[in-house]
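Me: I'm new to this one and would like a close look at a single part. Could you pick the sheet-like framework, if there is one, and walk me through it and whatever sits against it?

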Amino acid sequence: MTAVPMPERGRVAGDGVELSYGMWPGEGAPIVAIHGQTASHMNFAGIADRLAGRRPVFAPDMRGRGDSDKPGDGYGFPTYARDIAAAMDALELGPTVVIGHSMGAWIAAELAA
């Protein structure tokens with residue numbers, strides 16, 4: 001079994017907060033991967049490993065999670081979706097595929113709306 005590659009780490013502006021993220025390299029349109037309530041960007045290490053560089057994977061730590069800012073308020077699907085949209089714009093990701101796990105799926109739906 002091969003070891004899961006570690007992502008490039010960084011911080012990017014969300015909607016009034018800074019989000020920590022992991023980015024696995026790849027070619028073509030990136031996959032934006034949104035984790036569930038009690039997870040972090042590392043929730044998607046297995047997917048990035050299986051893609052083996054065929055697609056980049058951008059996985060932010062949602063506000064209040066991982067190394068992202070932890071403000072006293074502003075937690076809800078619309079705010080999370082604005083954070084993701086702002087991060088995507090700041091990184092100039094362009095057209096993407098958005099996936100979400102658990103609560104991340106609800107955030108992805110809010111982002112799409």
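Reply: Let's start with two strands, β1 and β2, which pair in the antiparallel sense over six bridges. One way to find the pairing on screen is to look for Arg11, whose bridge partner in β2 is Ser20. The two strands make a hairpin, with four residues between them. In that turn sits Gly16, with a positive phi of about 85°. Keep in mind that what you're looking at is a predicted model.

Now zoom out a bit. The hairpin belongs to an open sheet of five strands, with the order β1-β2-β4-β3-β5 and mixed pairing. Its edges are β1 (8-13) and β5 (97-100), each of which pairs on one side only. Going from one strand to the next, the twist averages 25°. At the β5 edge, the pairing runs the parallel way: β3, residues 31-34, joins β5 over four bridges. Your landmark there is Ile31, which has Val97 as its bridge partner in β5.

What sits against all this? Helix α2 (residues 77-90) packs on the sheet and touches β1, β2 (18-24), β3 and β4 (57-60). The direction of α2 makes about 110° with that of β1. Helix α3 (residues 103-112) packs on the sheet too, touching β3 and β5, with its direction at about 145° to that of β5.

Take a closer look at α3. Which of its residues are buried? They are Met103, Gly104, Ile107 and Ala108. If you look down the axis of α3, these buried residues fall within an arc of 145°, so they line one face of the helix. There's a general rule that helps here: an α-helix has 3.6 residues a turn, so residues three or four places apart point the same way. The cover over the buried residues of α3 includes β3, α2 and β5. On the face of α3 turned away from its buried side you'll find the exposed residues Trp106 and Ala112.

Next, the inside. As a general habit of soluble globular proteins, nonpolar side chains tend to be buried together. Here the largest nonpolar core has 17 residues, and Val32, Ile34, Phe58, Ile84 and Ile107 touch the most other members. The elements giving two or more residues to this core are β2, β3, α2 and α3. The largest share comes from α2, with four residues. Apart from this core lies another one, of nine residues, with Ala33, Phe44, Ala48 and Val57 among them.

Ile34 is a good residue to click on. Setting aside neighbours within four places in sequence, its contacts include Phe44, Met62, Ile84 and Val98. Further along the chain, Ile34 also touches Ile99, Gly100 and His101, plus Gly104, Ile107 and Ala108. Among those contacts, Gly104, Ile107 and Ala108 are buried residues of α3.

How many aromatic pairs does the structure hold? There are three. In one of them, Tyr75 and Tyr80 meet edge-to-face, 6.4 Å centre to centre and with 65° between the planes. Tyr75 is partly exposed at 39% relative accessible area, while Tyr80 is buried at 9%. In another, Phe77 and Trp106 are stacked, with 6.3 Å between centres and 10° between the planes. This second pair links distant parts of the chain, with Phe77 in helix α2 and Trp106 in helix α3, 29 residues apart. Phe77 is partly exposed, at 31% relative accessible area. Trp106 counts as exposed because its relative accessible area is 58%, and the cut-off is over 50%.

Last, two loop residues to visit. Most residues other than glycine have a negative phi. Ala52 has a positive one, near 50°, and its place is in the loop between α1 (45-51) and β4. Ala52 is exposed, at 58% relative accessibility. Glu92, in the loop between α2 and β5, also has a positive phi near 50°. Its relative accessible area is 71%, so Glu92 is exposed.

Note on methods: Residues are numbered from 1 along each chain as its sequence is written. This is a predicted model: local features need pLDDT of at least 70, side-chain atom pairs count only at pLDDT 80 or more; totals for chains, interfaces and linings use all residues. Side-chain values use heavy atoms; hydrogens and water are left out. Two strands pair if DSSP finds at least two bridges between them. Axes are lines fitted to C-alpha atoms, for helices over the stretch in contact, and angles run from 0 to 180 degrees between N-to-C directions. Contact means heavy atoms within 4.5 Å. Rings of Phe, Tyr and Trp (its six-membered ring) pair if their centres lie within 6.5 Å; planes under 30 degrees apart count as stacked, over 60 as edge-to-face and the rest as tilted. Buried means under 20% relative accessible area, exposed over 50%, partly exposed in between (1.4 Å probe, protein chains only). A nonpolar core is a set of buried Ala, Val, Leu, Ile, Met, Phe, Trp, Tyr and Cys residues joined through side-chain atoms within 4.5 Å. The arc is that of the directions from the helix axis to the C-beta atoms.
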